[in-house]
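Please open the structure in a viewer and keep the sequence at hand. The tour below proceeds by selections, each followed by a description of what is found there.

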Amino acid sequence: MKSFFHKILSVTLATLVLFTTMSFTLDMHYCGDTLVDFSLFDDLTTCGMETQVPTKACGNELTEKSCCSELQIVMEGQDDLKLTFDTLNLEQQAFVAAFFYSYINLFEGLDENIVPFRDYNPPFLIRDIQKLHETYLI
């Protein structure tokens, strides 16, 4: 069970590193308010309205603004994955050092078995409590 959990965790962390370092661009082409095409890797195919020639009925007046628009979303990945201990400020370095020191000391055993009450004498018995309450072990 432990090796299975270890494998799942390692695959999950590997995909996390892959997706945080990967850069991608998402291109979207809108015609009016409707999405015509979107692309993650390839070029966009447009609806063809931006290259439309005006007819004689419309005259030679060209509209200043086309109804088509393109949107591009760029997600840049992380380039530097190697963080050094020098980039941490003093408080963070003190926290990391204290954490490692206390964590390592959890697994170190003691040299001898320490009994904290070894130097103390038991209290004096004034009365025999079992006889007083008449409770006996059979």
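Which side chains does a polar contact of 3.3 Å join? Select D27 and Q72: their side chains are the ones joined at that distance, a polar contact being a pair of N or O atoms within 3.5 Å, where within protein one must be able to donate a hydrogen and the other to accept it, and residues adjacent in sequence count only if both atoms are side-chain atoms.

Before continuing, note that this is a predicted model, in which local features need pLDDT of at least 70, side-chain atom pairs count only at pLDDT 80 or more, and totals for chains, interfaces and linings use all residues. Residues are numbered from 1 along each chain as its sequence is written, and side-chain values use heavy atoms, with hydrogens and water left out.

**The surroundings of D27**

Keep D27 selected; this residue lies in strand β1 and stands opposite Q72 in β3. Strands here are DSSP runs of E with at least two residues, and helices are runs of H or I with at least four, numbered from the N terminus. Leaving aside residues up to four places away in sequence, D27 touches D37, F38, S39, L44, L71 and Q72, contact meaning heavy atoms within 4.5 Å.

**The sheet**

Next, select β1 (residues 24–31) together with β3; eight bridges join these antiparallel strands. Two strands pair if DSSP finds at least two bridges between them. Adding β2 gives an open sheet of three strands in the order β2-β1-β3, with antiparallel pairing. Because β2 (34–39) and β3 (68–75) each have a single partner strand, they stand at the edges, and one side of each is left without a neighbour in the sheet.

**The aromatic residues of helix α2**

Now move to helix α2 (residues 90–105) and select F95 and F99, which lie four residues apart, about one turn of the helix. F95 is exposed, at 57% relative accessible area, while F99 is partly exposed at 43%; buried means under 20%, exposed over 50% and partly exposed in between (1.4 Å probe, protein chains only).

Extend the selection to Y103, which is four residues from F99 in helix α2. The rings of F99 and Y103 are stacked, with centres 6.0 Å apart and planes at 15°. Rings of Phe, Tyr and Trp (its six-membered ring) pair if their centres lie within 6.5 Å; planes under 30 degrees apart count as stacked, over 60 as edge-to-face and the rest as tilted. Finally, add F100: F95, F99, F100 and Y103 form one aromatic cluster.
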